Amino acid sequence: MSNKITNHAAYLTKAKAHPLEVLEAPLTALEPNAIRVRVHGLAINPIDHILQAQGTSLAFPWLKYPLVLGIDVAGTVVEIGTSVKNFNVGDRVLGECMGTDKVHVDSQSAEAGFQEYSVLREHMSSMIPDTLSFEQACVLPLGLGTAACGLFQKDHLGMELPKPGEVVPKDRTVLIWGGSTSVGTCAIQLAVASGYNVITTCSPKNFEYCRALGAKHCFDYKSTTVVQDVVGALRGKVCIGALAVGANSPLVCMNILSKHDFKSTKNEGTHPARKFVSVVSGPDLVPPTERLATLRTISRFVAFGVSLLYKSWRHSIQWKFVLGTEPARNEVGPAIYNDFLPAALKSGQFRALPEAMVVGHGLEKVQEAMDVLKAGVSAKKVVVTLV
Ligand SMILES: NC(=O)c1ccc[n+]([C@@H]2O[C@H](COP(=O)([O-])OP(=O)(O)OC[C@H]3O[C@@H](n4cnc5c(N)ncnc54)[C@H](OP(=O)(O)O)[C@@H]3O)[C@@H](O)[C@H]2O)c1
């Protein structure tokens with residue numbers, strides 16, 4: 001790659017620093033299965049502002065400062081590693097950055113998204129159609145990886161992987177709590193593409209949005225009757241478990257599975273009914289500006305964990321935490337990013353949603369974008385364009 005190219009990144013220079021600082025960043029040598037991408041569009045995820053506000057020591061102790069955050073990017077390939085087969089220089093791609101993943105601790109900042117040139121792994125990147133803008137394409141990666149981990153990994157819900165264009169209906173229903181989130185948006189589309197029936201929850205204003213993604217039933221997660229509503233919708237169906245997205249939702253999903261009559265449904269075939277919750281979200285975090293925030297956040301996690309263990313034991317429900325970057329370490333990552341997504345995006349079977357909310361242009365806007373997401377969005381993805 002030309003030595004004339006310089007790179008800049010939005011750095012978190014030390015724990016809890018605000019704002020991020022735009023500084024020159026190194027361009028490291030590519031590993032054989034990596035591609036270097038000129039980032040045109042990047043999206044913000046809750047984990048970005050959570051790591052900035054709470055620090056890395058509790059959840060990601062291997063991350064070291066100064067640190068570049070960011071997981072979702074779309075752009076143009078400018079260099080490929082020696083073993084790369086699926087991509088060429090000039091290709092338009094999206095990809096899930098592996099920078100926060102423990103396995104990539106040595107290349108942490110190089111494999112992060114908030115920079116001009118980011119490194120992606122071939123098996124966690126997809127070609128995008130010419131009709132899809134970079135700013136809209138970058139909304140997908142972490143939502144996609146997280147949904148795919150929970151739905152398809154054998155140690156999670158173990159659903160059948162989708163194949164482009166080929167939907168084989170299955171007499172199976174999955175509960176996806178939080179359908180209007182970025183994760184939920186991808187999860188509904190992936191489950192439907194694999195032939196499963198989806199029941200979901202979101203605010204009533206997003207019912208149409210979730211139905212258009214393919215959900216059969218939508219319920220308001222804030223309603224006092226939501227548990228009985230979902231239990232009613234599940235009646236007589238072969239339920240294969242739940243993907244719980246949204247604060248405290250794993251506990252509510254366990255309440256629902258504990259009330260569903262698993263015995264009355266036929267339990268034959270390759271994917272039997274199962275009491276399983278893929279846990280995407282934990283409890284609500286206490287904002288760091290509040291009194292005793294760290295202590296109160298830890299106590300919320302302890303209470304959440306104890307409730308999860310108790311409900312799981314009391315109702316014989318299995319569960320597992322989802323890690324959105326984990327599909328990079330098994331067959332699910334390449335099955336989704338290389339085999340399914342490029343063709344499904346091209347045919348319209350899978351859509352790059354939620355809609356991008358472009359906060360601004362340039363790395364200097366990344367902090368503002370993180371603050372916008374932290375304040376809350378509804379069925380939108382906060383995006384910054386760089387080119
Ligand atoms: N474990 C992992 O690896 C992983 C990876 C990515 C994300 N996550 C977690 O997954 C969650 C969603 O992340 P995201 O990026 O997809 O979020 P997002 O797109 O920013 O979420 C915004 C949406 O959240 C919905 N929402 C808020 N509270 C909810 C609740 N209690 N139940 C259901 N929906 C709720 C709102 O729905 P309405 O507007 O319809 O009310 C809103 O549309 C977060 O908790 C995040 O930390 C975990």
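**Exercise 1. Which residues line the largest cavity of this predicted model?**

Solution. Begin with the number of enclosed spaces: one cavity of 30 Å³ or more is counted. The largest cavity holds about 40 Å³ of space. Next, read off its lining, which consists of Asn7, Pro26, Leu27, Thr28, Arg36, Ala110, Gln115, Tyr117, Ser118 and Val119. Then assign residues to secondary structure: strand β7 (residues 117-121) gives the most to this lining, with three residues. Finally, sort the lining of the largest cavity by character, which yields five nonpolar, four polar and one charged.

**Exercise 2. Determine the volume, lining and residue character of the second largest pocket.**

Solution. The volume comes first: about 150 Å³ of space lies in the second largest pocket. The lining of this pocket is then listed as Gly158, Met159, Glu160, Lys170, Asp171, Arg172, Tyr196, Gly269, Thr270, His271 and Pro272. Classification of these lining residues gives three nonpolar, four polar and four charged. Glu160, Lys170, Asp171 and Arg172 of the lining count as charged.

**Exercise 3. Identify the buried residues of helix α7 and the elements against which they pack.**

Solution. The cut-off for a buried residue is under 20% relative accessible area. In helix α7 (residues 249-259), the buried residues are Ser249, Pro250, Leu251, Cys253, Met254, Ile256 and Leu257. Their packing partners are then grouped by type. The strands are β9 (173-177), β12 (239-244), β13 (276-279) and β14 (318-321). The helices are α6 (226-234) and α8 (293-315).

Key:
Residues are numbered from 1 along each chain as its sequence is written. This is a predicted model: local features need pLDDT of at least 70, side-chain atom pairs count only at pLDDT 80 or more; totals for chains, interfaces and linings use all residues. Side-chain values use heavy atoms; hydrogens and water are left out. Buried means under 20% relative accessible area, exposed over 50%, partly exposed in between (1.4 Å probe, protein chains only). Helices (H or I, at least four residues) and strands (E, at least two) are DSSP runs, numbered from the N terminus. Contact means heavy atoms within 4.5 Å. On a 1 Å grid over the protein atoms alone, a cavity is a set of points where a 1.4 Å probe fits but cannot get out, and a pocket is an open set with protein on both sides within 12 Å along at least five of seven lines; lining residues have an atom within 4 Å of a point. Grid points are joined across faces, edges and corners, and a volume is the space filled by probe spheres set on the points.
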